[in-house]
Amino acid sequence: MATKENFIAATERLGVKVKGQCLTRKDEFAGRSGSHGEGKPSGSPGNFLFATGIECSYPTIQHGAVRRDQLRECGHYEHFQRDFELVADLGLKYLRYGLPYYSVNPAPGVYDWTQADELMEALKRSGVTPILDLLHFGVPDHLGNFQNPELPAQFAAYAGEVARRYPWVRFFTPVNEVFVTARSSARDGLWNEQLSSETAFITAIKHGVAASCLACQAIVQERPDAVFIQSESAEHLHDACAEERDDLRLHNKMNVAALDLLYAHPPDAEVYRHLRAHGMTEAEYQWFMTCEPPGHHIIGNDYYGRNERIILPDRSEIQGQEVLGWGEFARRFYQRYRKPVMHTETNTFDAAENPEWLWRQWMTLLNLRQENVPVVGFTWYSLTDQIDWDTSLAEQNGRVNAVGLYDLQRNPRPVEAAYRLLLEQFGQMPLLPHDGMFDLSAQPALIKARL
């Protein structure tokens, strides 16, 4: 009878090592079986999409007098070489990254690529694959704001020019968080048009969705195999009143209105009536229901614990962190749209808490994959700390929010070590569980290596 030692020796000769009760291959096929995948990301097409992001918001405040460019405020324009090196050093192969739309396209049909070319060339040299964010909370001065009906067509022209100039880019987020853009600009009065009306809010939603849809069409003309990661906020208001309040119920339904319109998913009657009552014509509605964008699509979920709030009977609020949790949102998004999902943003404002938060999000992700929810990527957002997000950029306080893998001096935060460890343990996890069984081309090379 074979001894334990002989068994271990035999498995080692076959390129397998025993680790506790798990068997893992010591080669490029590690992790093909599902959730396990020890070793840093390979960047191969079958590899899970591990990412971080560089914060690139640029809305205007004070009625257009001030542009909040987070790339500038957080020092990226000065330290872009170092920033890309930090991403690569972690072993990450993907980066959510945005060019400043407002300065690249300063006038209709006019493009200034000077700064963009320098940034993109450095990023290309780093070997990191960009998920290129084309519109992040702001528009060029010549477009004014999200009430402008010319925005969709002009933005689509810009998106096409970007895809033409950087043909090596395959991954795009056309319009980041359409719902949050519309809410903050036209309902909460914080940015851009700084309006506070439901009609303005619906107008901003329809212009943002139309811009995203037309941009996808423009991009696939240049890059037919483009992948679009549609990043949207995952959030919910929890009604703590015994009798359900109509406005809170409608608010939660409207959270997905932008994605419903983008993917031609008919909203329920209550949402439809609300859209029609606040400026959306029947012709516009029918256009959305017949204009699902081309290309390959992933639903990005941006989730922070502060995205959930409990509304008490007196209308005061308390944080509802993880009452539902990101896992429930991801499950709902997948069931609603039947597209792969990705965790595209997460952090807390507490640097000491962030390592624990990272691991909780990650374990939720693994549990989802065990339920066969196709989660294909994870993002810690962002690479560095940010400025004034505790007031949603509405106030110029210069306050550092300690959300980054690195501080603004590019020194590591505690979460950097946690993410590094996570990548070492799971970096070669496959894009989808059990996808290795379909990679038949790999088997002859593997067999030959064993002989």
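Colleague: In which sense do strand 14 and strand 15 pair, and over how many bridges?
Modeller: The model is a predicted one. In it, Val341 stands opposite Val375 in strand 15. Strand 15 covers residues 375-381, and strand 14 pairs with it over 3 bridges, in the parallel sense.

Colleague: Which hand does the crossover from strand 14 to strand 15 have?
Modeller: After strand 14 the chain passes through helix 14, residues 354-370, before it reaches strand 15. This β-α-β crossover is right-handed.

Colleague: Which residue of strand 14 is the bridge partner of Ile299?
Modeller: Strand 11, residues 296-302, pairs with strand 14 in the parallel sense over 4 bridges. For Ile299, the bridge partner in strand 14 is Val341.

Colleague: Why is strand 14 described as largely enclosed by the rest of the structure?
Modeller: Buried here means under 20% relative accessible area. Strand 14 runs over residues 341-345, and it is largely enclosed because the number of its residues that are buried is 5 of the 5.

Colleague: Which strands are the edges of the open sheet in the order 10-12-13?
Modeller: This sheet has 3 strands, and its pairing is mixed. Strand 12, residues 308-311, pairs with strand 13 in the antiparallel sense over 3 bridges, and Ile311 stands opposite Glu317. An edge strand pairs on one side only, which holds for strand 10 (236-239) and strand 13 (317-319).

Colleague: At what angle to strand 10 does helix 9 run?
Modeller: Helix 9 covers residues 246-254 and lies across strand 10 and strand 12. Its direction relative to strand 10 is about 155°.

Key:
Residues are numbered from 1 along each chain as its sequence is written. This is a predicted model: local features need pLDDT of at least 70, side-chain atom pairs count only at pLDDT 80 or more; totals for chains, interfaces and linings use all residues. Side-chain values use heavy atoms; hydrogens and water are left out. Buried means under 20% relative accessible area, exposed over 50%, partly exposed in between (1.4 Å probe, protein chains only). Helices (H or I, at least four residues) and strands (E, at least two) are DSSP runs, numbered from the N terminus. Two strands pair if DSSP finds at least two bridges between them. A crossover is right-handed if, with the strands pointing away from the viewer, the path from the first strand over the helix to the second runs clockwise. Contact means heavy atoms within 4.5 Å. Axes are lines fitted to C-alpha atoms, for helices over the stretch in contact, and angles run from 0 to 180 degrees between N-to-C directions.
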